[in-house]
Every structure is written in structure tokens, then in C-alpha cells.
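Here are my comments, set out as numbered points for someone new to reading structures of this kind. Please keep the sequence and the model open beside the text, and look up each residue as it is named.

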Number of protein chains: 2
Amino acid sequence: MQERIMDELRVAEVAKALANPVRVRILSILEGGERCGCEFVPLLGLDPSVVSRHLATLQRAGLVESRRDGVRVLWRLANPEIPRLLRCLEALACAEVPT
Amino acid sequence: MQERIMDELRVAEVAKALANPVRVRILSILEGGERCGCEFVPLLGLDPSVVSRHLATLQRAGLVESRRDGVRVLWRLANPEIPRLLRCLEALACAEVPT
DNA sequence: CCATTTCTTGCATAATTGTGCAAAGATGCA
DNA sequence: TGCATCTTTGCACAATTATGCAAGAAATGG
């Protein structure tokens with residue numbers, strides 16, 4: 001019961017990290033491999049500060065990891081299960097036709 | 001490219017519906033089968049209006065469906081893939097230990 | 001040390017979300 | 001019709017989120 005609640009909190013936390021189109025896009029880009037943070041700025045058309053915060057949100061949720069390479073920070077998916085999760089969400093996103 | 005954006009919007013919409021512990025709990029309860037809306041009130045300890053809104057949110061995302069049975073409304077999962085999605089999220093929720 | 005590039009943080013602001021109470025709707029039954 | 005039960009909606013309020021600008025921090029190279 002208590003663990004149920006914790007479970008649902010953590011699941012909701014992960015889902016919250018996915019609950020934004022920009023962050024979904026970031027993850028799907030990272031499916032292609034490691035990327036420098038600055039690469040996302042032109043790709044997403046957002047301020048660097050905004051990109052930084054989205055990446056931090058994904059990191060807090062445990063979905064991405066980073067390493068520094070000189071001035072740059074390189075980002076990658078933190079878990080090989082993430083593509084499966086994205087496919088799962090896409091399947092439901094396409095299936096949904098609520099009336 | 002355009003479809004990419006639509007895709008990410010819809011994925012984020014579905015994720016947004018999952019981005020709340022109460023709604024995750026509702027879905028996991030519905031994994032056990034159809035339930036009357038009023039059953040959730042004592043289970044979740046929330047006002048009936050709040051329960052109604054959470055169910056409406058899940059319905060808008062295409063995750064649950066309902067049918068009326070007299071004065072009651074019975075709810076069920078709208079897609080058999082939802083348990084798989086929940087297991088996927090749980091796996092990531094447990095795996096995450098961000099430092 | 002200074003300049004450059006990349007990244008993060010501190011505001012401020014607009015928009016969204018979660019909640020409960022009260023009231024209104026919907027349905028069935030006496 | 002009137003009542004009881006279940007559900008939804010209108011309103012208000014607190015909390016959270018997304019965004020951009022400006023400023024600061026980190027690393028590199030001259």
C-alpha cells in the first residue's frame with residue numbers, strides 16, 4: 001500500500017518528464033546517439049537557458065545522463081529501455097481517437 | 001518533420017495524462033477490471049468532483065472509456081496496451097537513481 | 001589575464017494544473 | 001412528482017510549469 005503510493009509517485013515523476021513536446025523531441029533526438037547541448041538550440045528554436053532546463057528536468061527524472069567535454073556538455077539516454085517506452089507511448093498516441 | 005511535431009505533441013499529451021499519481025493509481029486499479037466512478041472516491045480519498053475531473057482527463061487522452069449503467073458510470077481501460085506502458089514506466093521509475 | 005564559447009541560474013511573467021465547495025444534471029425508484 | 005444517488009460543471013485559489021532575458025559560472029585558447 002505504502003509502496004504502491006511511492007510507486008505511483010515515481011511513475012508520475014517519470015511521466016511528468018515526458019509530458020512536454022520539447023522534452024519528447026529531445027529524447028527522440030538522443031535515440032540517434034550522444035549530442036552536445038548547444039546542438040539542441042537551433043534544432044528546437046529555443047533559448048539556451050530553456051534547453052538547459054529541459055535537459056535538467058530529464059536528468060532529474062533519470063532519463064538522460066551527461067558528461068563534460070571541454071566547454072561542452074554531451075547528453076545521452078540514461079537507460080536502454082527508453083526507446084521501448086517511447087514506442088509504447090507513440091502507439092497509444094496514435095491509437096487514441098476519443099470520440 | 002511536421003508529423004514529427006504532431007507526434008511529439010500527441011505523445012506529450014498522453015504522458016501528461018500519466019503525469020499525476022492519482023491518475024496512475026486510477027489506471028492501475030482499472031487494470032483489475034471495470035469500476036464505477038464512485039468506487040474511486042473512498043479509494044483515493046478525494047472529492048467526487050476531483051475524481052470526475054481526473055477520469056475526464058484520462059478519457060480525453062484516450063486512456064479510459066466509460067459507459068453508463070443507471071445512475072453510475074463504469075470506467076475501463078481504453079486500450080489493452082496500457083498495462084504494458086505502465087510496466088515500462090515502472091521499470092524506468094525503479095531504475096532511476098540520478099546520483 | 002582576457003576573450004570566446006557553452007552552460008546554468010536568478011528573476012519576472014504568463015499559462016496550466018490540482019483541489020474543494022456549491023450547484024446543477026442525470027438516472028432510477030417509491 | 002419528489003427523493004436519493006451518482007456525476008459533472010462553475011468558481012475560486014494555491015501551486016506548478018514554461019519561457020526569455022540578463023547575469024554568472026566553467027572551460028579553453030590566445
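1. A residue is counted as near a strand if one of its heavy atoms lies within 4 Å of that strand. With that cut-off, 23 residues surround DNA strand D, and the closest are A:Arg53, A:His54, B:Cys38, B:Arg53 and B:Val71. Please bear in mind throughout that this is a predicted model, and that the distances below are computed from its atoms.

2. Which parts of DNA strand D face the protein? Of the atoms of this strand that lie within 4 Å of the protein, 60% belong to sugar or phosphate, while the rest belong to bases. Sorted by class, the residues of the surface near DNA strand D are 9 nonpolar, 7 polar and 7 charged.

3. Some individual approaches to DNA strand D can be followed in chain B. At B:Gly37 a polar backbone atom is 3.3 Å from a phosphate oxygen of the strand, and at B:Ser52 a polar side-chain atom lies 2.9 Å from a phosphate oxygen. B:Arg53, by contrast, reaches a base, with a polar side-chain atom 2.3 Å from a base oxygen of DNA strand D. The elements that contribute two or more residues to the surface near this strand are α4 (48–60) of chain A and, from chain B, α3 (37–44), α4 and β3 (72–77).

4. The other strand deserves its own inspection. DNA strand C is surrounded by 23 residues, of which the closest are A:Cys38, A:Ser52, A:Arg53, B:Arg53 and B:His54. Sugar and phosphate make up 60% of the atoms of DNA strand C that come within 4 Å of the protein. The surface near DNA strand C has 9 nonpolar, 7 polar and 7 charged residues.

5. Both protein chains appear in the approaches to DNA strand C. A backbone N or O atom of A:Cys38 lies 2.6 Å from a phosphate oxygen of the strand, and a backbone N or O atom of B:Asp47 lies 3.4 Å from a phosphate oxygen. A:Arg53 has a polar side-chain atom 2.3 Å from a base oxygen of DNA strand C. Two or more residues of the surface near this strand come from each of α3 (37–44), α4 and β3 (72–77) of chain A, and also from α4 of chain B.

6. The protein chains also meet each other, and here 36 residues of chain B are in contact with 36 residues of chain A. Together the two chains bury about 3300 Å² between them, with 70% of that area on carbon and sulfur atoms. How many salt bridges cross this interface? The rule finds 2 of them between chain B and chain A, including one in which the side chains of B:Glu8 and A:Arg25 meet at 3.7 Å, N to O.

7. On the side of chain B that touches chain A, at least two residues are supplied by each of α1 (2–18), α2 (21–30), α4 (48–60) and α5 (82–95). The largest share, 11 residues, comes from α1(B). By class, the residues on this side of chain B divide into 21 nonpolar, 5 polar and 10 charged.

8. How are the two chains related? Chain B can be laid on chain A with an RMSD of 0.0 Å by a turn of 180° and a shift of 0.0 Å along the axis, which is the relation of a two-fold axis. Within chain B, the residue that comes closest to the rotation axis is B:Ala15, whose C-alpha is at 2.7 Å. The copies meet through the same surface, because 100% of the interface residues of chain B are also interface residues in chain A.

9. A last point concerns contacts inside a chain. Over all chains, a search of the whole structure finds 18 salt bridges, and one pair to look up is A:Arg87 with A:Glu31, whose side chains meet at 2.9 Å, N to O. This pair links distant parts of the chain, since A:Arg87 is in helix α5 (residues 82–95) and A:Glu31 is in the loop between α2 (21–30) and β1 (35–36), 56 residues apart.

Conventions
Residues numbered from 1 in each chain as written. Chains lettered and ligands numbered in written order. Predicted model: local features only at pLDDT ≥ 70, side-chain atom pairs only at ≥ 80, totals over all residues. Heavy atoms only, no water. Contact = heavy atoms within 4.5 Å. Buried area = accessible area lost by both parts, 1.4 Å probe. Salt bridge = Lys/Arg side-chain N within 4 Å of Asp/Glu carboxyl O. Helix = DSSP H or I, 4+ residues; strand = E, 2+ residues; numbered from the N terminus. Nonpolar A, V, L, I, M, F, W, Y, C, P; charged D, E, K, R; others polar. Least-squares fit on C-alpha atoms with pLDDT ≥ 70 in both. Polar contact = N/O pair within 3.5 Å; in protein donor to acceptor, adjacent residues only side chain to side chain.
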